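Trainee: I'd like a close look at one part of this model, and I'd rather have one connected walk-through than a list. Here is what I have open.

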Number of protein chains: 2
Amino acid sequence: MYSQAEENYLKTIYTLEKEFGNEVSTNLIAGKIKTKASSVTDMLKKLANKELVVYKKYQGVYLTETGRLTALKVIRKHRLWESFLVQKLQFNWHEVHDIAEQLEHVKSEALIDKLDAFLKFPKLDPHGDPIPDAHGRTILNKTVTIKEMKIGSAGVFVGVRDSSASFLKYLNKKNLALGDKIKVIDIEPFDSSYHIETKTHRLVITSNVAENLCLKNVK
Amino acid sequence: MYSQAEENYLKTIYTLEKEFGNEVSTNLIAGKIKTKASSVTDMLKKLANKELVVYKKYQGVYLTETGRLTALKVIRKHRLWESFLVQKLQFNWHEVHDIAEQLEHVKSEALIDKLDAFLKFPKLDPHGDPIPDAHGRTILNKTVTIKEMKIGSAGVFVGVRDSSASFLKYLNKKNLALGDKIKVIDIEPFDSSYHIETKTHRLVITSNVAENLCLKNVK
DNA sequence: TTTAAAATTTAGGCAACTCTAAAATATTAT
DNA sequence: ATAATATTTTAGAGTTGCCTAAATTTTAAA
């Protein structure tokens, strides 16, 4: 079993690899988890000893297969807990991150399997990110932003590009929630604003907003 | 906020106070949480500095009001999580303790309040122990063992006196679960065994078992 | 009431994880 | 190519929570 600190490093390295390509630098990690570079160096040595990462002094790190799988298991737990918090406990999706950050370190295979079943094996979390299965596999998560859609097409709102608190609050205010079916009614050529429609209401969003809303199953 | 270790000590001191009266000894605590007496001494000093316990060298400890409330909040979380695991995730009640032991340390008032609501504000956990409310208050938990019941009376099975794994397994095998309505059909004077009835079946239990099953709302 | 046994505390140390400050290495700009 | 700058590592140290071994205090027994 790995410590919470180790799990956090692995998860961080995993997401940084995705974002910036392989070979993650010490400073990048330090920035992400708000520690000092020297602390990161210490931990990287420890992870390298356990063969969870490949680390060469001054050259950055990347995950081994074991490291990647371990990271994915933590991410799986994080996203399942987030789904639980939103779907079952009625949290808003911008409130759940810090809580899931703690829950993801609870150790029990049985717990996470049963939670998965309880939630009916969701494939995407409330932010629209894919939930890895027990083997670390995820579905292809082909999403399209509203900006890429044509008039008359519709899809299911599954995620955002910008997950800043302010943007998430904007969505709440406008009554746009994950899982909503959204249809593009009209596109205004003048300012490329979008007229969209949900089950309950219609509204106009700016092009800026349109490129931050991700939809699935667009037809 | 208190560390996990601190919370565990407070919880342990609370339950030992209940079981053995005030002024809990170092060795008692050490035995309960499987550490050495010297480690306990270290921690007691720390807790005393934070005014969570009153501690006099060689004289044992007892909780302050703050300490007691903090302990009760941890116990509240533990029991709510146990209820969740059994009621929603279909765990058996003898499997949930170790998982709840981890979940009880997750920090979030909102989380525990929403969990409480999701479970419909239960008053007793799966073991029949009372769940403190946010202020540390519990319902009077008047229970009666089968041994104390008369022929023809019935009640709701809410807890056990002996919560050893082997006894809990026995109950599972006999298909006796928390929440079952149990009626006393007959008492055999010869060996004082009890003939009891649930919604689904009848069985005979020894006097030994009868004094370990607690029922509520007995009429 | 003195002594032997049991319980508790102190002293010194270890492991995990963090930090600051200084040293080493890499990168960039001239 | 070399100097200046930025990045990374090392060295040394602090905190939490645990340990063992030795010293102290309490308790129970003779």
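Which helices of chain A and chain B each supply at least two residues of the surface near DNA strand D?

Mentor: Keep in mind that this is a predicted model. On chain A the helices you want are helix 2 (26–33) and helix 3, and on chain B they are helix 1 (4–20) and helix 3; each of these gives at least two residues to the surface near DNA strand D. Helix 3 of chain B provides the largest share, 5 residues. Altogether 20 residues surround DNA strand D, and the closest are Ser25(A), Asn27(A), Ser38(A), Ser3(B) and Ser38(B). Sorted by class, that surface has 5 nonpolar, 10 polar and 5 charged residues.

Now put DNA strand C beside that. Here too the count of surrounding residues is 20, and the closest are Ser3(A), Ser38(A), Ser25(B), Asn27(B) and Ser38(B). The helices that each supply at least two residues near DNA strand C are helix 1 (4–20) and helix 3 (37–49) of chain A, plus helix 2 (26–33) and helix 3 (37–49) of chain B. For DNA strand C, helix 3 of chain A gives the most, with 5 residues. The class breakdown near DNA strand C reads 5 nonpolar, 10 polar and 5 charged.

To see how the two chains relate, try superposing them. In general, two copies of a chain are related by a rotation about an axis and a shift along it. In this model, a turn of 180 degrees and a shift of 0.0 Å along the axis lay chain B on chain A with an RMSD of 0.1 Å. The two copies are therefore related as by a two-fold rotation axis. If you want a landmark for that axis, go to Leu103(B): in chain B, the C-alpha nearest the axis belongs to Leu103(B), 3.6 Å away from it. Both copies use the same surface, with 100% of the contact residues of chain B recurring in chain A.

That brings us to the contact between the chains, which takes 14 residues from chain B and 14 residues from chain A. On the side of chain B that touches chain A, helix 5 (97–103) and helix 6 (109–118) of chain B each supply at least two residues. Helix 6 of chain B has the largest share there, 4 residues. By class, this side of chain B has 8 nonpolar, 3 polar and 3 charged residues.

Back to helix 1 of chain A, one of the helices at the surface near DNA strand C. Helix 1 of chain A also packs on helix 4 (residues 65–87) of chain A, at an angle of about 100 degrees and with the axes 8 Å apart. That angle makes helix 1 of chain A roughly perpendicular to helix 4 of chain A. From helix 1 of chain A, the residues in this contact are Glu7(A), Leu10(A), Lys11(A), Ile13(A) and Tyr14(A), and they meet Gly67(A), Arg68(A), Thr70(A), Ala71(A), Val74(A) and Ile75(A) in helix 4 of chain A. Sorted by class, the contact has 6 nonpolar, 2 polar and 3 charged residues.

Further along the sequence there are the sheets. In chain A, 6 strands form an open antiparallel sheet in the order 3-8-4-5-6-7. Strand 3 and strand 7 (202–205) of chain A are its edge strands, each pairing on one side only. At one edge, strand 3 (residues 144–145) of chain A is joined to strand 8 (residues 213–216) of chain A by 2 bridges, and Thr145(A) has Cys214(A) as its bridge partner in strand 8. Strand 8 of chain A also pairs with strand 4 (residues 154–160) of chain A, over 4 bridges, where Val160(A) is partnered by Leu213(A). Strand 6 (residues 193–197) of chain A pairs with strand 7 of chain A over 4 bridges, and there His195(A) has Val204(A) as its bridge partner.

Chain B has an open sheet of 6 strands, again antiparallel and in the order 3-8-4-5-6-7. Strand 3 (144–145) and strand 7 (202–205) of chain B stand at the edges with a single partner strand each, so one side of each has no neighbour in the sheet. Inside that order, strand 5 (residues 181–188) and strand 6 (residues 193–197) of chain B pair antiparallel over 5 bridges, with Asp186(B) opposite His195(B).

Methods. Residues are numbered from 1 along each chain as its sequence is written. Chains are lettered from A and ligands numbered from 1 in the order in which they are written. This is a predicted model: local features need pLDDT of at least 70, side-chain atom pairs count only at pLDDT 80 or more; totals for chains, interfaces and linings use all residues. A residue is near a molecule or strand if its C-beta atom, placed from the backbone, lies within 6 Å of it. Ala, Val, Leu, Ile, Met, Phe, Trp, Tyr, Cys and Pro count as nonpolar, Asp, Glu, Lys and Arg as charged, and the others, Gly among them, as polar. Axes are lines fitted to C-alpha atoms, for helices over the stretch in contact, and angles run from 0 to 180 degrees between N-to-C directions. Angles under 35 degrees count as roughly parallel, over 145 as roughly antiparallel, 65 to 115 as roughly perpendicular and the rest as oblique. Two residues are in contact if their C-beta atoms, placed from the backbone, lie within 7 Å. Two strands pair if DSSP finds at least two bridges between them. Copies are superposed by least squares on the C-alpha atoms of residues with pLDDT of at least 70 in both.
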